Amino acid sequence: MQFEERRIDKETNPIVLPRLQDLRGHRLPIMIGGSTPRLIVYRQKNGELIYGGYVGHLRHCFELKYNCRLIQSLPLNESFSVPGVQLDSEVQQGKIPFALAATYTEPPVNRYTYPFELVNWCLMLPVPGLVQASELYTRVLDLSTFLITLGALIVISALLSFSLWRHGYPVQSHEFLLHNNCLRGALGQSFNEVLNAPILVRGVYLEICVLGFLLTAWYNSYFSAYITSAPRVEPFSSLDHILKSNFKIVIWAPEYQKLVKYKQDMQKYTDIFQVEPDFQRFLAMRDSFNTRFGYMMSRDKWSVIHQRQKVFRSPLFTFRDDLCMYRGIPVAFPVALNSVFREPLDRLIGEVTATGLMAHWHDMAFSEMITAGKLTLADLGQANEFRAMQLIDLNYILIAAALMLICAFVVFLIELLLFYFKKQPKRHPAL
């Protein structure tokens, strides 16, 4: 009896042939969906429909690597896109083996491929606008500085009035509170001085001139700086700040439901969201650069908007990393349970990620969208041009002038009444 030893391994004598490595031109029905810049669908001049973005490039790599044809089951063209959430339900119903549609994963995770991206849900908010010209006067001289300046004027007025009264000059009682010469000198105007003034009175006059020079130079320099380079409105610092301002964040309805599911404490911030149920309308609002709203934005989509804003005269939006609703959401492709295509998909995702192709496709999204006609290089920025002063710029000054006129009119009426009662002849009782 003779024993013969044979080694059976996968390479020399495979038990199961690796048929998934070569599908021999098999037409595999799938569904492709999503929005830009993940999926960019456009038509060339010869009428051929092109799938761009990293989803479209991954589809092309799958066909080349495994020698097959991926057939789109749903009608898809350059003007219509299907959201990935809708395709997730189609896969789980068993209509197709997998879908090339980037989807936020949910338990159980075996319904998805290996995650190829971690998304942060952050806010894209408008760049804070310039302060209104009417508020520049109050920005130059805030309330605390105004009260300190007013206190200094009262002290100097009392000192001047007391010095004049001590040296025999006539002084009215109200001048101890605010002397006319002190007020005119602080405003940089000329004022009358007494002849042969004593040393103490001259010192007070010199103090008034120095104070007027400092106030006039300081106010004019600050006001000129604000006119040439106006400050901006304070940006939003938290979600509570947005909630108090009645500003709205546009969000797609399924994404809002997922956000509430991921973070239970978002219920108290419901009023800051404007939930849009229609997917196409949401995309149109997000891509319109409408600064009346903020938008939920991921980093890959913000990179395209950031590149486009470089051609603007001034940026319209900014990406707020400090105002992220949720961080580290896994993004993957939905795949049917126990699907034989799970391993090929995972292997391909790992290879394109390791070789840097996924990052390259992310970087090429902006130029692909321009080629597809999804983006234009039109300048939507606002020009910071000089304009003449308008009547509305004097809003606060006109209000202050109106209040002073009302006060003067009331004082005038009181004086008339007092004068009238003093002129009334006293009636003597009859003898």
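## Contacts and overall build

Start with how the chain holds together: 75% of its contacts with a separation of 6 or more come from residues 24 or more positions apart. Keep in mind that this is a predicted model. In terms of secondary structure, the chain carries 14 helices and 11 strands.

Now for the dimensions. The radius of gyration comes out at 38 Å, whereas a compact globule of 431 residues would sit near 22 Å. Along the principal axes, the C-alpha atoms take up a box of roughly 160 × 60 × 55 Å.

## Surface, burial and charge

How much of the chain counts as buried? The figure is 39% of the 431 residues. On the outside, the chain exposes about 26800 Å², and 59% of that area is supplied by carbon and sulfur atoms.

As for charge, there are 43 positive side chains and 37 negative ones. The centres of these two sets lie 6 Å apart.

## A parallel sheet of three strands

One piece worth clicking through is an open sheet of 3 strands, ordered β4-β1-β5, with parallel pairing. Its edge strands are β4, at residues 68-72, and β5, at residues 99-100, each of which pairs on one side only.

Strand β1 covers residues 26-32 and pairs with β5 in the parallel sense over 2 bridges. If you want a spot to zoom in on, I32 stands opposite L100 in β5.

## The β2-β3 hairpin

Next up is an antiparallel pair: strand β2 (residues 40-43) and strand β3 (residues 49-52) are joined by 4 bridges. I40 has G52 in β3 as its bridge partner.

Which residue takes a positive phi in this hairpin? That would be G47, with phi near 90°. The hairpin has 5 residues between the strands.

## An enclosed helix

Finally, have a look at helix α8, which spans residues 253-262. Why is α8 described as largely enclosed by the rest of the structure? Because 7 of its 10 residues are buried, where buried means under 20% relative accessible area.

The buried residues of α8 are A253, P254, E255 and Y256, followed by K258, L259 and V260. Note that E255 and K258 are on that list, along with residues such as L259 and V260.

Key: Residues are numbered from 1 along each chain as its sequence is written. This is a predicted model: local features need pLDDT of at least 70, side-chain atom pairs count only at pLDDT 80 or more; totals for chains, interfaces and linings use all residues. Side-chain values use heavy atoms; hydrogens and water are left out. The radius of gyration is taken over C-alpha atoms; the globule rule is 2.2 Å times the number of residues to the power 0.38. Buried means under 20% relative accessible area, exposed over 50%, partly exposed in between (1.4 Å probe, protein chains only). Contact means heavy atoms within 4.5 Å. Accessible areas come from the Shrake-Rupley method with a 1.4 Å probe; for residues, only the protein chains shown count as cover. Lys and Arg count as positive and Asp and Glu as negative; His and the chain ends are not counted. The place of a charge is taken as NZ of Lys, CZ of Arg, CG of Asp or CD of Glu. Two strands pair if DSSP finds at least two bridges between them.
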